[in-house]
Amino acid sequence: MVWVIEVCDLSKRYGRVVAVDGLSFTVRPGVVTGFLGPNGAGKSTTMRMMLGLDRPSGGDVRIDGERYRDMRHPLRRVGALLEAKSVHGGRSGLNHLLWLAQTNGIARSRVRTVLEQVGIADVAGRRAKALSLGMGQRLGIAAALLGDPPVLLFDEPVNGLDPEGVVWARELFRGLAAEGRTVFVSSHLMTEMAMTADHLVVVSRGRLLADTTVSEFVAESGTDSLEAAFLRLTAGGAR
Ligand SMILES: Nc1ncnc2c1ncn2[C@@H]1O[C@H](COP(=O)(O)OP(=O)(O)OP(=O)(O)O)[C@@H](O)[C@H]1O
């Protein structure tokens with residue numbers, strides 16, 4: 001199947017810490033897949049390895065059959081927002097996106113399109129460090145969307161967004177999936193995840209705990225909410 005993310009027996013050690021421990025799962029197009037786990041479960045490490053930013057100690061991640069670092073125009077195939085701010089504070093959001101477009105063979109006209117799509121066109125000339133946390137997140141989402149990619153990864157994307165922004169992001173992710181894209185979103189906000197995701201990949205201590213639909217996950221736990229199901233499954237699992 002095209003545009004699947006295949007995580008195969010993935011591991012990452014940092015000295016004596018095993019951050020990711022033999023993880024295997026597949027993320028499919030057309031649905032929002034939520035990536036859940038307690039603090040320190042290995043979510044960000046897994047996402048960094050998906051993007052070739054961290055080298056696996058074992059195993060592999062392939063997106064549409066290829067490793068991210070081998071892709072010729074990666075931003076046109078995989079868009080990503082990671083937790084850390086990746087924009088130079090002294091540079092404006094507009095210039096940051098123009099630079100990304102130019103260095104990745106993306107039409108300049110996409111910059112205006114994504115700025116409008118994320119609702120920050122009027123502040124795009126401001127220096128990134130003058131943006132609020134929520135605006136910074138929107139700029140990061142704009143960068144992920146810039147190449148119009150079929151695969152999108154978002155690590156804790158609603159951090160810093162106000163309630164209106166959270167609803168907006170949810171609709172955005174669901175809309176991107178409805179267009180047939182592969183959308184993978186990590187979060188520790190259970191209620192939000194219950195409203196956003198169709199499918200769930202749940203990890204704890206770097207290991208896979210569940211890979212199932214949201215409704216099955218809740219039903220199989222014998223509880224009545226995603227939060228209760230998650231807490232039952234991960235009890236004692238946080239580092
Ligand atoms: N660069 C690093 N060097 C050493 N240890 C690291 C490094 N990055 C992550 N770790 C450790 O790996 C484990 C997994 O961390 P990771 O950030 O991937 O978890 P997470 O699920 O994203 O957690 P959170 O929700 O708190 O962000 C943690 O024990 C963390 O301390």
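Start at the ligand. The residues of the shell around the ligand sort into four nonpolar, seven polar and two charged. Keep in mind that this is a predicted model.

**Stop 1: the ligand shell.** Select the ligand and what surrounds it. You should find 13 residues there. Label the closest ones: Tyr-14, Ala-19, Asn-39, Ser-44 and Thr-45.

Which element gives the largest share of the shell? Select helix 1, which supplies three residues. Helix 1 covers 43-50. Now add strand 2, at 17-27. Strand 2 and helix 1 each bring at least two residues to the shell around the ligand.

**Stop 2: a helix pair.** Select residues 214-221 for helix 7 and residues 226-234 for helix 8. Their axes come within 9 Å and cross at roughly 65°. Is the crossing left-handed or right-handed? For helix 7 and helix 8 it is left-handed.

Show the side chains at this contact. From helix 7, pick Val-214, Phe-217, Val-218 and Ser-221. From helix 8, pick Leu-226, Ala-228, Ala-229, Arg-232 and Leu-233. Colour them by class: the contact has seven nonpolar, one polar and one charged residues.

**Stop 3: the whole protein.** Zoom out and switch to cartoon. Count eight helices and nine strands. The radius of gyration is 17 Å, close to the 18 Å from the globule rule for 239 residues, so the protein is as compact as a globular protein of that length. Its C-alpha atoms fill a box of roughly 50 × 40 × 35 Å along the principal axes.

Finally, look inside. Of the 239 residues, 43% are buried. Among contacts between residues at least 6 apart in sequence, 68% join residues at least 24 apart.

Methods: Residues are numbered from 1 along each chain as its sequence is written. This is a predicted model: local features need pLDDT of at least 70, side-chain atom pairs count only at pLDDT 80 or more; totals for chains, interfaces and linings use all residues. Helices (H or I, at least four residues) and strands (E, at least two) are DSSP runs, numbered from the N terminus. The radius of gyration is taken over C-alpha atoms; the globule rule is 2.2 Å times the number of residues to the power 0.38. A residue is buried if 20 or more other C-beta atoms lie within 10 Å of its own, exposed if 12 or fewer, and partly exposed in between; C-beta atoms are placed from the backbone. Two residues are in contact if their C-beta atoms, placed from the backbone, lie within 7 Å. Axes are lines fitted to C-alpha atoms, for helices over the stretch in contact, and angles run from 0 to 180 degrees between N-to-C directions. A crossing is left-handed if the near helix is turned anticlockwise from the far one by less than a right angle, and right-handed if clockwise. Ala, Val, Leu, Ile, Met, Phe, Trp, Tyr, Cys and Pro count as nonpolar, Asp, Glu, Lys and Arg as charged, and the others, Gly among them, as polar. A residue is near a molecule or strand if its C-beta atom, placed from the backbone, lies within 6 Å of it.
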